[in-house]
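Trainee: I would like to go through this model with you and ask, term by term, what justifies each word we use for it.

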Amino acid sequence: MSTSSASTSPLLRSLSLGLAVLLFSACASHGRKADGPATMEAGGAEAAAPAFPDPRKASLKEGLFVDIDSLRLFARGMSKRQLYSLLGTPHFGEGMWGVREWNYLFNFRSTPGGDYFTCQFMVSFDSKGIAQDSHWKPAACAAVLQPPAPPPPPPPPAPVVMPTEPLRLSADALFAFDSAVLTAEGRRSIDAVLDQVRSASQVQTIQVLGYTDRIGADAYNLDLSQRRAHAVRDALVQGGVPAAAIMAEGRGKANPLVQCDSAGRKALIACLAPNRRVELSGMATPR
């Protein structure tokens, strides 16, 4: 009798060990959903990936174009009623009450008016119907919620440069006869060229040259041309052109534009009008 007990004891132990292995394997396989790979939860426990329903079973098999701004308002803690108002009825007939997941099929366009792609969106609720999490399939669809990149800033406007030829302003239009005080019309003439001069002054030195006609003494004409050049310079500075960027100089009767032989004084003054002028030009300087 003792011999029989001794011979069967190893066999019982072997069967017991095999049964324990089978039970352990069954428990391990039961803890993982069959429709998705397992993931790791906090603390090291395995959690199955979200099981999305078959898109062919959706009530809207073609998907729905959703307002992305509305979709961005979704947040953890929302109730089902809030989610229903935001995104509408779920697309898989899951109802309002007693379910833990709502699923949607959403369409998004890659470019305005271009082709579109479809994503599955799942919201998970707790037992009280409060949203706890959301999932996308494919996961890359989550990128649609990223705010659009701001448009690139417009290129800076091209600087307005001074023309190759000097800007010639008639002294008769700027000043009263024998005066270096700008008239109201003269100030309007300066204002008309200010934008061009301001921009040019950022990279150039602005040269203001005053000229008179040949009538009168040379010393007097030189002084008058200098005072008129400085009057224009002061008006430019008041308009925002840096004073350091402007060089003002009087040239008197030098560099006449016209030659006149009129006999009468009045006719001569009218003929020599182009010579009475203030010229503005840009002199390039190293950057």
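The conversation below takes up confidence, disulfides, aromatic rings, backbone geometry and one aspartate in turn.

Trainee: What should we know about confidence before reading any detail?

Mentor: This is a predicted model, and its protein chain averages a pLDDT of 80, with 77% of the residues scoring at least 70. Confidence is highest in helix α6 (residues 218–238), at a mean of 95, and lowest in helix α1 (residues 2–30), at a mean of 38. Over residues 1–46 the pLDDT is below 50, and this stretch has 18 contacts in the model beyond near neighbours in sequence. Where pLDDT is low, the predicted coordinates should not be read in detail.

Trainee: What makes cysteine 119 and cysteine 141 a disulfide?

Mentor: Their sulfur atoms are 2.0 Å apart, and the cut-off for a disulfide is 2.5 Å, so the pair qualifies. The torsion about the S-S bond of cysteine 119 and cysteine 141 is about -80°, and the disulfide is therefore left-handed. Because cysteine 119 lies in strand β5 and cysteine 141 in the loop between β6 and β7, the bond ties together parts that are 22 residues apart in sequence. Both cysteine 119 and cysteine 141 are buried.

Trainee: How do you know that cysteine 260 and cysteine 271 are bonded as well, and which hand does their disulfide have?

Mentor: The sulfur atoms of cysteine 260 and cysteine 271 lie 1.9 Å apart, which is within the 2.5 Å limit. The S-S torsion of cysteine 260 and cysteine 271 is about -85°, so this disulfide is left-handed. Cysteine 260 is in the loop between β9 and α7, whereas cysteine 271 is in helix α7, 11 residues apart. The structure holds 2 disulfides, and they follow the pattern 1-2, 3-4 when bonded cysteines are counted along the chain.

Trainee: Why is cysteine 260 called buried, and why is cysteine 271 called partly exposed?

Mentor: Cysteine 260 has a relative accessible area of 3%, and buried means under 20%, so the word applies to cysteine 260. Cysteine 271 stands at 30%, and values between 20% and 50% count as partly exposed, so cysteine 271 takes that term.

Trainee: Why is the pair of phenylalanine 74 and phenylalanine 121 called edge-to-face?

Mentor: Their ring centres are 5.8 Å apart with 90° between the planes; rings pair if their centres lie within 6.5 Å, and planes over 60 degrees apart count as edge-to-face, so both conditions are met. Phenylalanine 74 sits in the loop between α2 (68–72) and α3 (80–87), and phenylalanine 121 in strand β5 (residues 116–125), 47 residues apart. Phenylalanine 74 and phenylalanine 121 are both buried. They belong to one aromatic cluster whose members also include Tyr104, Phe106 and Trp136, and the count of aromatic pairs comes to 9.

Trainee: What makes arginine 277 a charge over the face of tyrosine 211?

Mentor: Arginine 277 lies over the face of tyrosine 211 at 3.9 Å from the ring centre, and the distance limit is 6 Å. Lysine 80 likewise lies over the face of phenylalanine 125, at 5.0 Å from the ring centre.

Trainee: How do you know that the peptide bond between lysine 137 and proline 138 is cis?

Mentor: Its omega is about -5°, and proline 138 is found in the loop between β6 (131–137) and β7 (167–170). Most residues other than glycine have a negative phi, and most peptide bonds are trans. Aspartate 178, which is not a glycine, has a positive phi of about 60°, and asparagine 255, also not a glycine, has one of about 50°. Aspartate 178 is partly exposed at 41%, and asparagine 255 is partly exposed at 44%.

Trainee: Why is aspartate 213 called buried, and what does its side chain approach?

Mentor: Aspartate 213 has 8% relative accessibility, and the cut-off for buried is under 20%, so aspartate 213 counts as buried. A polar atom of its side chain lies 3.1 Å from the backbone nitrogen of isoleucine 215, within the 3.5 Å limit for a polar contact. Aspartate 213 is in the loop between β8 (204–211) and α6, and among the residues that aspartate 213 touches are Asn221, Lys253 and Arg276.

Technical notes. Residues numbered from 1 in each chain as written. Heavy atoms only, no water. pLDDT = per-residue confidence, 0-100. Helix = DSSP H or I, 4+ residues; strand = E, 2+ residues; numbered from the N terminus. Contact = heavy atoms within 4.5 Å. Phe/Tyr/Trp six-rings, centres within 6.5 Å; stacked < 30°, edge-to-face > 60°. Buried < 20%, exposed > 50% of the residue type's maximum accessible area, 1.4 Å probe, protein only. Lys NZ or Arg CZ within 6 Å of the ring centre and 35° of its normal. Polar contact = N/O pair within 3.5 Å; in protein donor to acceptor, adjacent residues only side chain to side chain. Lists of a residue's contacts leave out its neighbours within four places in sequence.
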